[in-house]
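Please look through the sequence and the model shown here before reading on. The report that follows takes up a sheet, a loop and two ligand shells in turn.

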Amino acid sequence: MSATRIDGKAFAAGLRERVGVLAEEFSAKAGRKAGLAVVLVGDDPASQVYVGSKGKATVAANMASFEHKLAGDTSQADLLALIDRLNGDDSVDGILVQLPLPDHLDEQAVVDRIVPNKDVDGLTPVSTGRLALGLNGMVPCTPLGSLMLLKDQLGSLEGLNAVVIGRSILVGKPMAQLLLDANATVTIAHSRTKDLPEIVRRADIVVAAVGRPEMVKRDWLKEGATVIDVGINRLAPAEGETKGRLVGDVDFGEASEVAGAITPVPGGVGPMTIAVLLRNTIVAAHHNAGIDLAEGAI
Ligand SMILES: NC(=O)C1=CN([C@@H]2O[C@H](COP(=O)(O)OP(=O)(O)OC[C@H]3O[C@@H](n4cnc5c(N)ncnc54)[C@H](OP(=O)(O)O)[C@@H]3O)[C@@H](O)[C@H]2O)C=CC1
Ligand SMILES: Nc1nc(=O)c2c([nH]1)NC[C@@H]1CN(c3ccc(C(=O)N[C@@H](CCC(=O)O)C(=O)O)cc3)C=[N+]21
């Protein structure tokens, strides 16, 4: 049996298209474009690429993109001062600080400084608290994009056993919360989990968000399971390659033989993250400008 390949890239393109239409209408009503500011500290080449592609996608969706690239030795005070400036700038609707930050910076203090109504990454205490309480609010992009793919694939998630591998604030925890809200039965696994393959074998839904290349193997999966591979790992270049291959946390070749459906890397969750970031930004822009956006409009 060969699994259905879940085409995140195509789903994301559709979402970006709808965001683009809403953004066009927003500009006409508000007399300004919706704006997203992305802050990058240091010159990690992979992060540079993400920031560049986010910027292009933002402009393509009829929104304004503000990129702030700061030196790797930027001080906490200077970074907080930039956040304060963006908080007070009416042309900025969303602020994303690319994580991880260099070690000398206090990540949570920086994220906490973002005003909740511009928290398009859903990482401030207000956003995480609202998600925990089941209230409307900004939801982190990768988990929300993953949930969209799951609902598209499966319809109702009610009563399904879901195993999330990883418990980060950015991915694992909010993913588990969303699955719980969708009435799945949720298990969260992490680096101290015992008998991980056995736990994963019980799952109808597996979300892998670990950061370990091709960790999840064929015999970890129940026949027909739906697999969401969040991992983005760059392998070392093979002979004759200049750049190593990009792989997920799941061994795609093996898993495809048992899973019912699976997201590829690249072309799965990654493009959804960017599309949902734009979606969150247009939602924030409507709130910030006091313009109604119908429930379920996007
Ligand atoms: N596709 C996309 O859009 C995105 C992809 N990513 C990718 O997703 C992956 C995870 O990202 P993120 O959540 O930020 O990573 P973190 O490093 O913050 O978290 C990794 C989690 O995996 C757990 N873990 C580590 N090793 C094991 C193991 N051997 N067995 C079980 N659990 C383990 C850790 O457990 P513990 O808590 O005990 O340390 C931790 O909870 C990365 O590859 C990242 O690049 C991230 C964001 C967006
Ligand atoms: N505050 C914060 N929020 C984030 O959401 C965040 C972050 N920090 N730090 C880094 C991770 C990583 N991340 C990705 C987004 C898109 C792709 C993506 O589009 N990937 C393409 C391939 C890209 C390529 O070829 O390099 C794909 O999977 O098809 C990947 C990874 C967001 N992150």
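Which residues come nearest among the 25 residues around ligand 1? In this predicted model, they are Gly-166, Ser-168, Ser-191, Gly-211 and Thr-273. Helix α10, which covers residues 269–289, gives the most to the shell around ligand 1, namely three residues.

**The sheet**

The model contains an open sheet of six strands, and reading across it gives the order β1-β11-β8-β7-β5-β6, with parallel pairing. Its edge strands are β1 (4–5) and β6 (185–189), each of which pairs on one side only. At one edge, β1 pairs with strand β11 (residues 261–262) in the parallel sense over two bridges, and there Thr-4 has Ala-261 of β11 as its bridge partner.

Strand β5 (residues 161–165) is largely enclosed by the rest of the structure, because four of its five residues are buried. On one side, β5 pairs with β6 in the parallel sense over five bridges, with Ala-162 standing opposite Val-186 in β6. To pass from β5 to β6 the chain goes through helix α7 (residues 172–181), and this β-α-β crossover is right-handed. Four bridges also join β5 to strand β7 (residues 205–208), again in a parallel run, and in β7 the bridge partner of Ala-162 is Ile-205.

**The loop after β5**

Gly-166 lies in the loop between β5 and α7, and Ser-168 has its place in the loop between β5 and α7 as well. Are these residues buried or exposed, or something in between? Gly-166 is buried, because 23 other C-beta atoms lie within 10 Å and the cut-off for a buried residue is 20 or more. Ser-168 has 17 C-beta neighbours inside 10 Å, and it therefore counts as partly exposed.

Leaving aside neighbours within four places in sequence, Gly-166 is in contact with Val-171, Gly-172, His-190, Ala-209 and Val-210. With the same neighbours left aside, Ser-168 is in contact with Lys-173 and Ala-209.

An unreviewed UniProt entry lists Gly-166, Arg-167, Ser-168 and Ile-232 under "binding site". From an unreviewed UniProt entry there also comes the feature "domain: Tetrahydrofolate dehydrogenase/cyclohydrolase NAD(P)-binding", which is placed at residues 140–287. In the model, the end C-alpha atoms of residues 140–287 lie 17 Å apart, and the span is 36% helix and 16% strand.

**The second ligand and the two shells**

Around ligand 2 there are 18 residues, and the closest are Leu-99, Pro-266, Gly-267, Gly-270 and Thr-273. The elements that give two or more residues to this shell are α2 (45–60), β4 (94–97), α6 (141–154) and α10. Of these, α10 provides the largest share of the shell around ligand 2, with four residues. Thr-273 is thus listed among the residues that come nearest to ligand 1 and also among the closest to ligand 2.

The table sets out the classes of the residues in each shell.

| Shell | Nonpolar | Polar | Charged |
|---|---|---|---|
| Ligand 1 | 10 nonpolar residues | 12 polar residues | three charged residues |
| Ligand 2 | 12 nonpolar residues | five polar residues | one charged residue |

Note on methods: Residues are numbered from 1 along each chain as its sequence is written. Chains are lettered from A and ligands numbered from 1 in the order in which they are written. This is a predicted model: local features need pLDDT of at least 70, side-chain atom pairs count only at pLDDT 80 or more; totals for chains, interfaces and linings use all residues. A residue is near a molecule or strand if its C-beta atom, placed from the backbone, lies within 6 Å of it. Ala, Val, Leu, Ile, Met, Phe, Trp, Tyr, Cys and Pro count as nonpolar, Asp, Glu, Lys and Arg as charged, and the others, Gly among them, as polar. Two strands pair if DSSP finds at least two bridges between them. A residue is buried if 20 or more other C-beta atoms lie within 10 Å of its own, exposed if 12 or fewer, and partly exposed in between; C-beta atoms are placed from the backbone. A crossover is right-handed if, with the strands pointing away from the viewer, the path from the first strand over the helix to the second runs clockwise. UniProt positions are given in the numbering used here, feature names are shortened, and annotations may be inferred rather than shown by experiment. Two residues are in contact if their C-beta atoms, placed from the backbone, lie within 7 Å.
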